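Open the model in your viewer and keep the sequence panel visible. This tour names what to select at each stop and says what is there.

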Amino acid sequence: MAELSRRAFLGRASALGGLAALGACSGGDGDDGNGREGAVPAAGEAFDPGDWASVRDQFPLDPDTAHFAAFVLAAHPRPVADAVERHRTGLDTDTHGYLAETEADADAAVVTAAADYLGAEPVDIALTDSTTQGLGLVYGGLRLGPGEEVLTTEHDFYSTHQALALRARRDGTVVRRVRLYDDPATASVDEIVSRLVAGVTPATRVVAVTWVHSGTGVRLPVRDLADALEGRALLCVDGVHGLGVEDVSVDDLGCDVLMAGTHKWLFGPRGTGIVWARPEAWASIEATIPPFEPSSFGEWANGLPPEPTNGLRFTPGGYHSFEHRWALAEAFRFHLDIGKDRVAERTHAQAAQLKEGLAEVPGVTVVTPPGDALSAGIVCFDVDGSDPADVLGRLARAGIAASVTPYATQHVRAGPSIVTTPDEVDAFVAALRS
Ligand SMILES: Cc1ncc(COP(=O)(O)O)c(C=O)c1O
């Protein structure tokens with residue numbers, strides 16, 4: 001087939017109607033580089049990102065409850081909710097027209113905002129629906145040669161373990177697990193790094209870990225792990241409980257692949273997430289779901305095989321709940337406006353306050369490491385003689401929402417964040433003391 005020019009192809013696609021969105025897939029002009037122009041404007045004027053009360057006011061969360069489980073699935077701050085509403089109205093009013101006129105700029109605004117937040121290149125970022133979708137697509141799509149193995153840990157969430165189990169069932173891939181610590185509260189960087197490295201063999205091609213363990217609150221020293229691995233394996237990280245908390249860039253973090261939902265600590269639209277990978281890592285990953293982006297359609301139309309993967313090409317195609325996807329730009333901007341450093345400081349300070357307070361309560365054992373070095377926002381603890389679900393009930397009667405770790409071993413779990421306050425942390429501790 002003769003080479004079909006992009007312009008001709010886009011014209012044809014547009015004429016076909018069913019691919020109307022295609023003409024606007026390319027990441028277009030009209031963006032000011034900050035992803036603010038056009039369909040995704042700045043946050044409302046009343047919002048003062050320097051004032052924590054004003055930050056909290058942006059959330060519609062019930063003010064009579066202290067929301068220590070808000071990170072499980074996010075509520076949207078006002079700028080995000082406004083963007084969702086604006087896109088929803090546009091799509092409801094003139095679906096075809098709004099899609100065609102909005103998609104390129106809005107998609108570009110999202111990956112630009114994500115790249116600004118991560119200190120990354122927009123083309124290295126794929127948009128997903130969740131952490132789990134990213135994990136499934138990456139662990140299902142990593143190219144592994146004969147005999148090459150995956151090393152994971154005992155501390156990862158269901159989504160990592162089962163994505164790897166599905167891969168193993170499909171391809172016979174060998175997946176081994178290593179235990180990084182026995183007692184989370186006394187874990188150390190040296191112990192974690194040396195146990196992981198001891199698990200690496202010449203056959204290990206991929207190391208699959210989780211930045212912040214949602215079953216214990218341990219935050220892995222990802223940079224130290226990357227340094228210790230010295231490039232012997234691709235370091236792939238479920239980052240969902242670190243993203244939106246920690247003030248680091250992907251270079252600081254040091255991993256090769258980062259997969260995270262953006263609907264937890266980042267308080268982005270529900271049903272959104274990202275995968276970032278270094279260009280060299282993208283070269284080792286095959287996409288599973290065809291992307292809806294013009295060059296891929298061009299290859300198809302011209303009978304050509306797909307080009308190698310990058311973030312754009314890893315983004316699963318098909319039409320999406322665009323009102324949520326496009327409002328993700330606002331969630332990244334919301335955090336950048338507040339300041340990643342201030343978000344990290346606020347979250348860590350409350351987590352430290354909570355751990356210190358809980359440690360003083362008779363009968364309470366804090367599971368998460370004290371201090372900052374190996375923890376983030378998640379705080380796990382046990383109450384002697386009480387089932388975690390009963391403790392949740394007690395907290396709920398005091399107007400406090402928390403959660404239970406969704407693992408074989410259960411703990412009570414709390415997540416101080418930008419929607420909680422130091423006073424609420426005190427009330428949390430007081431509720432347990434009483
Ligand atoms: C470590 C970890 N990864 C992934 C998930 C799932 O996230 P998502 O809903 O974005 O797939 C969770 C919990 O929901 C989790 O704790």
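**Stop 1: the ligand**

Select threonine 131 together with the ligand: a polar side-chain atom of this threonine lies 2.5 Å from an oxygen atom of the ligand. Keep in mind that the model is predicted. Now add threonine 132, which also has a polar side-chain atom 2.5 Å from a ligand oxygen. Then add histidine 263, where an N or O atom of the side chain is 2.7 Å from an oxygen atom of the ligand. On its own the ligand has 390 Å² of accessible area, and the protein covers 86% of it.

Next, show the residues around the ligand: Ser130, Thr131, Thr132, Phe157, Thr210, Ser214, Asp238, Val240, His241, Gly261, His263 and Lys264. How many of the residues in this shell are nonpolar, polar and charged? Two are nonpolar, eight are polar and two are charged.

**Stop 2: strand E6**

Asp238, one of the residues around the ligand, also belongs to strand E6, so select residues 234-238. Five of the five residues in E6 are buried. Look at the directions of the side chains: Leu234, Cys236 and Asp238 point one way, while Leu235 and Val237 point the other way.

Add strand E5, residues 204-210, which pairs with E6 in the parallel sense over five bridges. To find one place where they face each other, select valine 206, which stands opposite leucine 234.

**Stop 3: two cysteines**

Stay with cysteine 236 in E6 and add cysteine 255. Why is there no bond between their sulfur atoms? The two sulfurs are 8.1 Å apart, which is too far for a bond; a disulfide needs them within 2.5 Å. The structure as a whole holds zero disulfides. Is each cysteine buried or exposed? Cysteine 236 is buried, with a relative accessible area of 0%, and cysteine 255 is buried with a relative accessible area of 0% as well.

**Stop 4: an open sheet**

Move along the sequence to an open sheet of four strands in the order E9-E10-E13-E12, with antiparallel pairing. Which strands are at the edges? They are E9 (364-366) and E12 (403-404), each of which pairs on one side only.

Finally, select E12 with strand E13, residues 412-414: the two pair in the antiparallel sense over two bridges. Within this pair, valine 404 stands opposite valine 412 of E13.

Methods
Residues are numbered from 1 along each chain as its sequence is written. This is a predicted model: local features need pLDDT of at least 70, side-chain atom pairs count only at pLDDT 80 or more; totals for chains, interfaces and linings use all residues. Side-chain values use heavy atoms; hydrogens and water are left out. Two strands pair if DSSP finds at least two bridges between them. A residue is near a molecule or strand if one of its heavy atoms lies within 4 Å of it. A polar contact is a pair of N or O atoms within 3.5 Å; within protein, one must be able to donate a hydrogen and the other to accept it, and residues adjacent in sequence count only if both atoms are side-chain atoms. Accessible areas come from the Shrake-Rupley method with a 1.4 Å probe; for residues, only the protein chains shown count as cover. Ala, Val, Leu, Ile, Met, Phe, Trp, Tyr, Cys and Pro count as nonpolar, Asp, Glu, Lys and Arg as charged, and the others, Gly among them, as polar. Buried means under 20% relative accessible area, exposed over 50%, partly exposed in between (1.4 Å probe, protein chains only).
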